[in-house]
Amino acid sequence: MTATEFRTVPRRRPAVPPPPAGRTAWPPLLAALAGVLVCLSFLAAAAAGDLSREALITLVVFVAAIWMWVFAPVADTYVALGAAVALVVTGPIDTETFTGTLGDSVIWLLVGSFLIAAAVTATGLPARIAARVLTIARTPRQLVHLLTAVLLVTTFAIPATSGRAALALPVFLALAEVLRHRPQLVLALAVGIPSVILFSAVGSLLGAGAHLITSEIVATVTGEGFHFVQWLILGLPLAVVWSHLAAEIALALFADRAERRTPLRVPTAAFAEVAPGNAVHGPLSGPQRRVLIVLAAVVVLWCTEALHDIDPAVVAVLGALAATAPKIGGTTLPAAAKTIPWTLLLFMAATLCLGIALTTSGASAWLGGLIFDPVRSLGPAAATVFLVLTVVVSLMAHLMIQSRSARSAVLVPLIVATAPAVGVDAAAAAFLSTAAAGYCHTMTSSAKPMAVFAGSDTVPGFRSGHLLRYSAVLAPLSVALLLAFALWVWPHLGLTPTP
């Protein structure tokens, strides 16, 4: 691939005149018609006594929310809040449930984690780590896998894939400048970095908001959700294998053999502008040492919850206070608070309401039974077929619903309600579905990290054709990897999907 071939088009889209009536308007209209027919079938089931009033209302709101997430030109958070309020007004959930989700411990856990992440980022510590690690690479393969290892570590410091993408972008741009005469390797990094960010998220309970939503829904149904250590034990091995596999595939697809065998050297000076005002070499500064101690202490306390019985949310807030304390922390509390994605927290609270309504109204059990009833007739093979369907549907759901949290809020209640009927553990099926929902690679719009690294005037990223080629190889391998973990790895780690 030549430098000319790698040149990308600006991300800003030119103005496009409205399409002729009756052409591109058809997909949303057809989807709306299909939604109306589905809702009429729900009404018929309710008339027959198969659905309660609360379940009927929940399913209608559920269908409307999905249609708006896919087709409506409004923010996902707006749709989620509207759906949650509709459920309160019409009765499936009460006001206390609606308001309580915003004050739920998972929200405070994220608030504290975002504050800690802001303090860590403000000290320039991530740039130092990247500079120290990446400058020892001597081959493209070493560079790609060392970068993957660094990104894996950030999973435990920054609780959002979009935040990690924003943190990694300056590092990528520094590498792209150093490697500007090697466009194949730059392209491999542009595709591989956001992929690793998305896949490594499964290693931590805080890696994505969808994980916390899943834990809450599982707790609602089974009485106990996932703890930080339990998720770590199950998710980290998958995160390591999946991330390095994705990085290796990106390198193999977009850099030919000659490029992969050409030595390289990344100078420390390349990272000087990544963290202005913070040296990327020499001893750690005082703020860097202190926030590193705070971060380590918080992770240790999360992992030892059984010993001290302090809620993870309280630990996160205590860590945030320490990380932003005057003359001690890496930043101030007001400055750190400005970095919190409040719309994400509102979105999580609203989608959690939708998930609770689907579960408590009986709607998820009825709809799950309707969808998966044919699987029950397969006898001994039913459990395996159900797991395969769970992975495939969850993995492909990003083509319809862009938000990872929304996908889990929609899918997990159905899967948890249906799994026991086919002989599958509900928690195991929910974990598998949530892990598979982390695949968001077919289109640039499928996930924020992919959009961040797409080609533009300022980012030497990838084009949509590169992403489709990459996804064609990675998707089937991801399905196989997820099933291998579900059937052969996780049972040895305490999560057995089938008896």
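Which element gives the largest share of the lining of the largest cavity? Helix α10 does, with 5 residues. This report covers a predicted model. It starts with empty space inside the structure, then turns to ring pairs and a few loop residues.

**Cavities**

Searching the whole structure turns up 2 cavities of 30 Å³ or more. The largest has a volume of about 80 Å³. Its lining includes Val144, Leu147, Thr148 and Leu151. Ala188, Leu189, Gly192, Ile193 and Val196 also line the largest cavity, as do Ala247, Ala250 and Leu251. Three helices, α8, α10 (183-200) and α12, are the elements that give two or more residues to this lining. By class, the lining of the largest cavity has 10 nonpolar and 2 polar residues, and no charged ones.

The second largest cavity has a volume of about 60 Å³. Among the residues that line it are Ser113, Ile116, Phe156, Ala157, Pro159 and Trp302. Helices α6 (105-122) and α14 (286-303) each supply at least two residues of this lining. The largest share, 3 residues, comes from α14. Here the classes divide into 9 nonpolar, 2 polar and no charged.

| Space | Volume | Nonpolar | Polar | Charged |
|---|---|---|---|---|
| Largest cavity | about 80 Å³ | 10 residues | 2 residues | no residues |
| Second largest cavity | about 60 Å³ | 9 residues | 2 residues | no residues |
| Largest pocket | about 580 Å³ | 10 residues | 11 residues | 4 residues |

**The largest pocket**

The largest pocket has a volume of about 580 Å³. Its lining counts 25 residues. Which of them are the closest to its centre? They are Thr161, Leu344, Ser403, Arg404 and Lys448. Several helices take part in this lining with at least two residues each, namely α4 (76-90), α9 (161-178), α11 (209-222), α18 (342-360), α21 (404-418) and α23 (448-452). The lining has 10 nonpolar, 11 polar and 4 charged residues.

**Aromatic pairs**

How many aromatic pairs does the structure hold? There are 11. In one of them, Phe172 and Phe453 meet edge-to-face. Their ring centres are 5.4 Å apart, with 65° between the planes. Phe172 lies in helix α9, while Phe453 lies in the loop between α23 and α24 (464-489), so the pair ties together parts that are 281 residues apart in sequence. Phe172 has a relative accessible area of 0% and is buried. Phe453 also counts as buried, at 0% relative accessibility.

Phe254 and Tyr470 form a tilted pair. The distance is 6.3 Å centre to centre, and the angle between the planes is 45°. Phe254 belongs to helix α12 (residues 228-254) and Tyr470 to helix α24, so this pair ties together parts that are 216 residues apart in sequence. Both Phe254 and Tyr470 are buried.

Some rings form a cluster. Ring pairs link Phe226, Trp231, Phe431, Phe485 and Trp490.

**Buried loop residues**

Ala157, one of the residues lining the second largest cavity, sits in the loop between α8 (140-154) and α9. Is Ala157 buried or exposed? Its relative accessible area is 15%, under the 20% limit, so Ala157 is buried. Leaving aside residues up to four places away in sequence, Ala157 touches Ser113, Ala117 and Leu295. The C-alpha atoms of Ala157 and Ala337 are separated by 16 Å, and these residues are 180 residues apart along the chain.

Thr324 lies in the loop between α16 (312-323) and α17 (333-337). At 7% relative accessibility, Thr324 counts as buried. A polar atom of the Thr324 side chain lies 2.7 Å from the backbone oxygen of Ala320. Not counting residues up to four places away in sequence, Thr324 touches Leu115, Gly329, Thr331, Thr332, Leu333 and Ala336.

**Exposed loop residues with positive phi**

Where does Asp309 lie? It is in the loop between α15 (305-308) and α16. Asp309 is not a glycine, yet has a positive phi of about 60°. At 68% relative accessibility, Asp309 counts as exposed.

Lys327 is in the loop between α16 and α17. Phi of Lys327 is near 65°, a positive value in a residue other than glycine. Lys327 counts as exposed, at 84% relative accessibility.

Notes: Residues are numbered from 1 along each chain as its sequence is written. This is a predicted model: local features need pLDDT of at least 70, side-chain atom pairs count only at pLDDT 80 or more; totals for chains, interfaces and linings use all residues. Side-chain values use heavy atoms; hydrogens and water are left out. On a 1 Å grid over the protein atoms alone, a cavity is a set of points where a 1.4 Å probe fits but cannot get out, and a pocket is an open set with protein on both sides within 12 Å along at least five of seven lines; lining residues have an atom within 4 Å of a point. Grid points are joined across faces, edges and corners, and a volume is the space filled by probe spheres set on the points. Helices (H or I, at least four residues) and strands (E, at least two) are DSSP runs, numbered from the N terminus. Ala, Val, Leu, Ile, Met, Phe, Trp, Tyr, Cys and Pro count as nonpolar, Asp, Glu, Lys and Arg as charged, and the others, Gly among them, as polar. Rings of Phe, Tyr and Trp (its six-membered ring) pair if their centres lie within 6.5 Å; planes under 30 degrees apart count as stacked, over 60 as edge-to-face and the rest as tilted. Buried means under 20% relative accessible area, exposed over 50%, partly exposed in between (1.4 Å probe, protein chains only). A polar contact is a pair of N or O atoms within 3.5 Å; within protein, one must be able to donate a hydrogen and the other to accept it, and residues adjacent in sequence count only if both atoms are side-chain atoms. Contact means heavy atoms within 4.5 Å.
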